[in-house]
Structure formats: C-alpha cells, structure tokens
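Trainee: I am new to this structure. Please take one part, look at it closely, and then show me what else is worth seeing.

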Amino acid sequence: MSSEGTQLEGTYPLLPLRGLLVFPGMVIHFDVGRDKSVKALEKAMVHDRYLVLTSQKDGQVDDPLQDDLFVVGTLAEVKQMMKLPNGTMRVLVEGLERSKIKSYVRDDEYFEVRIQTFPAPASIDIDPELRAVTRTVLQQFEQYAKLSKKIDQETYASVVDIDDPGRLADAIAAQLPLKIREKQEILESFNVSDRLDRVLNSLSDEQEVLELERKIHQRVRKQMEKTQKEYYLREQMKAIQRELGDKDGRQGEIEELREKMSDLELPELVAARVDKEINRLERIPISSAEGTVARTYIDWLLDLPWTLRAASTINLERAQRVLNAHHYGLEKIKDRILEYLAVQKLTQRTSGPIICLVGPPGVGKTSLVKSVAEALHRPFVRISLGGVRDEAEIRGHRRTYIGALPGRIIQGMKEAGVRNPVFLMDEIDKMANDFRGDPASALLEVLDPEQNSTFVDHYIDLPFDLSDVMFVTTANDLYQIPGPLRDRMEVIQLSGYTELEKLEIAKRHLLPNQKMVHALQGERLRMNGDVILEIIRGYSREAGVRQLDRLLATVARKSARQVAEGKKKRVQVTLQNLVEYLGPAPFNYGTKEENDEIGVVTGLAWTPVGGDTLTVEAAVVPGNGRVVLTGHLGDVMKESAQTALSFIRSRTRELLIAADFAEKLDIHIHVPEGAIPKDGPSAGITIATAIASCLTRRPVRHDLAMTGEITLRGRVLPIGGLKEKALAAHRAGIHSLIIPEGNKKDMQDIPSSARESLEIFFVRQMDDVLEQALLPGVSDSPSPLEVYPGFTHVVHEDYPGQGAHQ
C-alpha cells in the first residue's frame, strides 16, 4: 500500500503562510503578526492547540481571501507560543498530517475550515519498486548534501534515519531550496510513489545547479589566480624599471587608468571613449601640456556615476516622521511633498514634475529638501545659482583650453557619486544673462523630464542620463524666473511663520541648538516662552527665523561669557533683564500708530521676503490743485493714486467736501521709507482712505490695516499675496483687516492662529471701506474753515459737527 491512511474530517482554525510551507513531521518556528492570523492562533490555543497551515499563492497579498490560498495544507500542533515586544507572536509548530480544505466555516475575523485529513498508515508494505526508488532518493540526497554547504551533518543524519518513505520524501523536500509552488506540488502528492518521484526530480535538478555553481567558482578562482599572477609580475616589472631609472611614470599611469576602467561598469559608448582617450594619452609626451588636459578628461569620465544608483526606498511613514521632526508647521507643504513621494512609489518612476519651493529667506526651503533626501536615503547635492550669468556654468566649457571644467550639473553628479541623488538648485530666481549666454535657457533641458535623459555637457561631450535625479529648486520671487523655465516646474509657495510657529520652532530647534553650540546644555541657560515671544515681537521683524536664530545666539554668547568668567553658574533670562543681552527693542510691537490720526492709514504690501505693513500719509495744503507723490513709488502705484483721487472727487457730495477742492488745494501723498521702491495696485483703497480722511478731517483707526485695488467707480478688486499680508498684519499687532470680497476664497491659506486674532471685513465698494476705516470728527482737529480759508462751512444734518465746503 503506497497511499495515505484512513481519511478523517474535522473543523479547525486556519493560519495563512507567506513564503513558507510546512510538511508533516516538520518542526519550525515563525512569527505571526496579521490580525486574522493572531486570532486563528488564539482560537487554536483555547481549544486543542491544532490548526491548519496553508500557504498563500501570492506572498505579496497582505489580506488574503479564500481564492488566494492553496486547498491542500498541513494540520499542525502548536508546541510553544511567545509574545514579542513588537506585538507579534512567535510560535513553534509541528506538522502532523496532510489536510485538504472541504469548505470554509468562517472568514470574517479569522479563517475556520472543515478539512479532510490523510494520516500516514501505521505500517505499509514496501514493494521492491518503492524500495528501489527510496534507495535512489537517499543516494541523491547524500550527493546533494556533500555539494551543498547548507545542510549540516546532524540534519543529514536525522533525515536518513527515517524509515517511512512518505515521511522521508517530506523531510528531504523541506531541506531543498524550492519555490513554494514546487513544494506545494509535493505536498499535494498523496501517493507516496508519486511524491518520491517528484522529490527525486527536484534533487536531480538541484544537484545539477550545484555542480554548475562549483564549476563557475573554480573558473573564477583560476581567473583570479591568473590576475594575481599578472599583477605580481607587473609590480616586479615596475620595481625593476624604477631601479634601472630608464622608464618614466607614464606607463604606470596608463595601467592605473586601465585597471580603474576595468573595475567600473561603464556604458558601451563611454567605455569606448575612455579607451580611446587612454590610448591617446599613452602617445602624448609626458612633457606636453596636452597630457594634463587628456588625463583630467579621463578622470572625469571615470569618476562620474554612469550606472551606480543609491538603494533608495520610499517609506512614506518614515518620510513623514523625518519632516515632522525637522520642521514645525508647514503642514500643506509637507503634505504636498508626501503626495509627490507617494506617486513616485506607486509608479516606480523617479521622473515627474520638478518642484520649485518659493518663499522668503529663512522659512526652511533648503532644510526641507535635505529632509526629503534623508527620508529617501539618497545623497543630497546643492548648487547655488545666484549670480550665475554664464551658460557654461550649466553646460560646461568646451575642452579647447587648459582649465576647462564641466558645468555645475555634472560637478554635482560627481559629488553625489550616484545617478539618483536629491539635487537642489538654490536661488534659481537670481540668475542673470549677458553676452556669454542665458543660463536659464540652458536649464530648460536639465529640468525637462522628457529631455534630460540625454543631457550633454560641453566638456564631457557624451549623453548623461539625469532622468533618475530628483531635482528641486528654490526661489524668493517667482516672477523673476523666466516663463519657459517656470512652466517646467510645479510651484509650492512657502509663506512666513506666525508668532506661535516661530515660538515653537525656537523652543524645539533654535534654542536647543544654540545651547549645544555654546556649551550651555541643561540648566545653564534658562529662557521661558514669554522671553522668546518678546524677542520675536520686539527684536525681529522677518518672515523666517534667521534673525531670531542670530538673536538667540547673541543671548547664548553673553550667557556663555558669564558662565566662563565664573560670575554665574546658571543664567536666567527674563523680560526684565533681556535688555542687558539684546539692548532696547528696535520694534514697537502692536502699535503701528499710537493714536487715530487724520490722513495716516496702514496698508499692506507683499515683498519677496514676505508681507509687510506700509504706512500711507496724506496732507492737504492751499494751492492750485497739484498732486505730489513721494516715497519712491512705481508707475502702477502712481496710477492707483490718481484713480483714488478721481474717485474721491466723484464722491464730494457723499463725503461732504467742497466740489472745487481740487482747484484750490494741493494734495501730498507720501509713503515713508523713501529709499525702498514700492509699486503695485493693492494700495489703491489705502491711498483713497488717506485722501478722504484729510478732506473730511475724520481720523482713521490706527488698529486697522487694509489692502485692495480701486477702480474709478469705487469697486474694490481682489489682490494677491493675501496670506503674506495677513501674517504681516498679525505680526504688527493689527486688530482689524479690510480685504476685497473677491479674496474670500484665499482665507483658507491664512493660518488659523492669525485668522482668529484678526477681525476681517470683506468689502466690495470703496464706500464700505470708508465706513469701517473713518471715525467721527474730533473736537480738537482743525476745522475746514481753518484748513481751507475763504471756503463756506455748511453743516450737514447727517454728520453733526462736520462741515462741507461750498
């Protein structure tokens, strides 16, 4: 009898296996971590410790269904179970007998199946044919064990001591490095003779493979011995030549280059060029300067990473941890970077849109890219393009003179040492162009995923594949980047930090770093959040945190001196003694204007380094209708002032001002800090409010700021840079903000901490702006008769105490 014993049926929990198969009689331990598997294991431990082990057809499936499992498995007994610190279970099981799944009882929380088992018979009649096959299998296994170094003597002895042919076949199959499907075929062989035949065929195949591996190893060893012999003879020859003194060093140089070339995996085209250049170098006299040029060129070809790649794996969870650890805030920016990495992970391609991080200095653009490189386990390379005006800086110099070098791109790739680094191009908005070419145009090929696979540097003069490089660029001003280059990049805007974000950044990163640099760790330097907040408000006025870091460094230096001189063991910086470390605060936080004044309005401006407040002043004096604009204003801002004045003239009746004021008064509009150029249409409603305040003698709220473009009809048009402007108002302590109604859609970009501290008015018409901004006239302000002598003062019933000039 050569088949299994009496078939029995029963119901047991099922545990799916990935990349593993258990034969009857096999004792093995493995880890269990999936929820269904853990529950199936717990079910077995509660009852009789029996469960069915079945392999998955595809080991990559994390949550297998019924169709993902083989029908035939092994009924096993759990011998030991131990819970590991990471939450997984380590179990020791012993395979008992083959089983075949008849039906699934449940598959919700865990698998439970009804099976038919095939126990091995207590005794079988071994006929001569079966005995012969068994003996052949043992002989083949003995030869396999001699060739293979993976089977020790103890394992071999335990296998050959098995008398039962079926168990012997299972034990040998368990020792063979077969694929899961091949082992499954043996497991599904219920007939002992068929099982032995399959094991015999597998042994023969594995023995042939081992024999081939042995021959290959011998051939490689002989080749190595030959190479070592040649190396030994070559070294002897060099020594003899040095003793004789009749041979210069050029031949040794050539041999060194050839050895270096043979060690590298170069593309065919590159290898041919290197070989050609080495042969050319060999013929050049050692005294010739051309030899230096040729040698430098060969070194560059051999040093470039033509085929070497970094073993990069995209782990989104790790990337998120790294970004969160290195950067506080910037949630939208970090989400966008993780989305970019997720797409690369799914598509298995490194090519994609080039990311351009745009924002003020000090907001963390460069450090973000460093964090991405760290998360991806790739080398980080940075080049600065600020002030680059020569195309050869990008494409390289042609090899026509001594001192020629490749461009910045190829130099960066050599520095990286691999062909898939994270490559940062800093300050891409600060490139220039002149008679030597346009470097921005040269970058078009580098940053185009469709073209950069065959980038040709003028010096290297061979196509270099840049398609695996993750290019990231940074800029302060997006509009300084040429249009075609900007079109090739996906722009991510980074605005300034709020006070609370700066406070957290200082606590988590800046202050601990300064303590470490100045040896003030622990309790040597104490500074609470109120002190840091005062530094942020009174001593720094920036979108980023660079000035804040320098201020903290100043405090740390002065504290370190006190500790080093023995004056103090611990330094406590408080609000009271902060002046001793940083001097008087240069900025007056929270009071842009101390009082409500006539003709003085706080506006908001966008700058390449973030938002800023802008004070607009207006004054009226007797004259002949001239309009004077000062403060280094641009053409667009001058036109906005003219538009604002025309609107005010069209509203003389509503504003209760003389209709002929433009003929007998001069209006002077000034924007302080006259050395700084200012331009743009968003100051239109600010200028109009300042003019209206002067003419009506009504003061403007000092705790209110505004921004918006004005039309001749008094409509308020949307503006750009709302987030930066709102952050500037928040930093300056502004309480109320007037913005165009068309900018409602941009409110979500403003951080919640700034949004909640501001009372925001949305306006459609200039009349709405004046209603919110102008206060009733004050008693101590000059009357219209005093300001405009010779005019008639008329009291209007809607504005008691206010006058209009007829």
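Mentor: Let us fix one term before we start. Contact, or touching, means heavy atoms within 4.5 Å. Keep in mind too that this is a predicted model.

Start with Ile151. Find it in the loop between helix H2 (128–147) and helix H3 (153–160). Is Ile151 buried or exposed? Buried means under 20% relative accessible area. Ile151 has 11% relative accessibility, so it counts as buried.

What does Ile151 touch, once residues up to four places away in sequence are set aside? The list is Phe141, Tyr144, Ala145, Tyr156 and Gln175. Take Gln175 from that list. Ile151 and Gln175 are 24 residues apart in sequence. In space, their C-alpha atoms are 7.7 Å apart.

Now compare a residue on a helix. Val220 sits in helix H6 (residues 192–244). Its relative accessibility is 42%, so Val220 counts as partly exposed. Val220 also belongs to a nonpolar surface patch, together with Leu212, Ile216 and Met224. That patch covers about 370 Å².

Next, go inside. In soluble globular proteins, nonpolar side chains tend to be buried together. Here the largest nonpolar core has 53 residues. Which of them touch the most other members? They are Met425, Ile428 and Val446. Helix H9 (residues 289–303) gives the most to this core, with six residues. Apart from this core lies another, of 51 residues. Its members include Leu357, Val363, Leu511 and Val563.

Stay with Met425 for a moment. Leave aside its neighbours within four places in sequence. Met425 is then in contact with Ile383, Leu385, Ile409, Leu443, Val446, Leu447, Phe471, Val472, Thr473 and Thr474. Val446, named above for its contacts in the core, is on this list as well.

Move on to helix H25 (residues 722–732). Ten of its eleven residues are buried, so H25 is largely enclosed by the rest of the structure. Among the buried ones are Leu722, Leu727 and Ala732. Glu724, Lys725, His730 and Arg731 are buried too. After H25 comes Gly733, with a positive phi near 85°.

Last, the cysteines. A disulfide is a covalent bond between the sulfur atoms of two cysteines. How many disulfides does a search of the whole structure find? Zero. Cys356 is buried, with a relative accessible area of 0%. Cys694 is buried as well, at 3%.

Technical notes: Residues numbered from 1 in each chain as written. Predicted model: local features only at pLDDT ≥ 70, side-chain atom pairs only at ≥ 80, totals over all residues. Heavy atoms only, no water. Core = buried A, V, L, I, M, F, W, Y, C linked by side-chain atoms within 4.5 Å. Buried < 20%, exposed > 50% of the residue type's maximum accessible area, 1.4 Å probe, protein only. Helix = DSSP H or I, 4+ residues; strand = E, 2+ residues; numbered from the N terminus. Patch = residues over 30% accessible without salt bridge, like charges linked within 9 Å, V, L, I, M, F, W, Y side chains within 5 Å. Areas by Shrake-Rupley, 256 points an atom, 1.4 Å probe, with all protein chains shown as cover. Salt bridge = Lys/Arg side-chain N within 4 Å of Asp/Glu carboxyl O. Disulfide = S-S within 2.5 Å.
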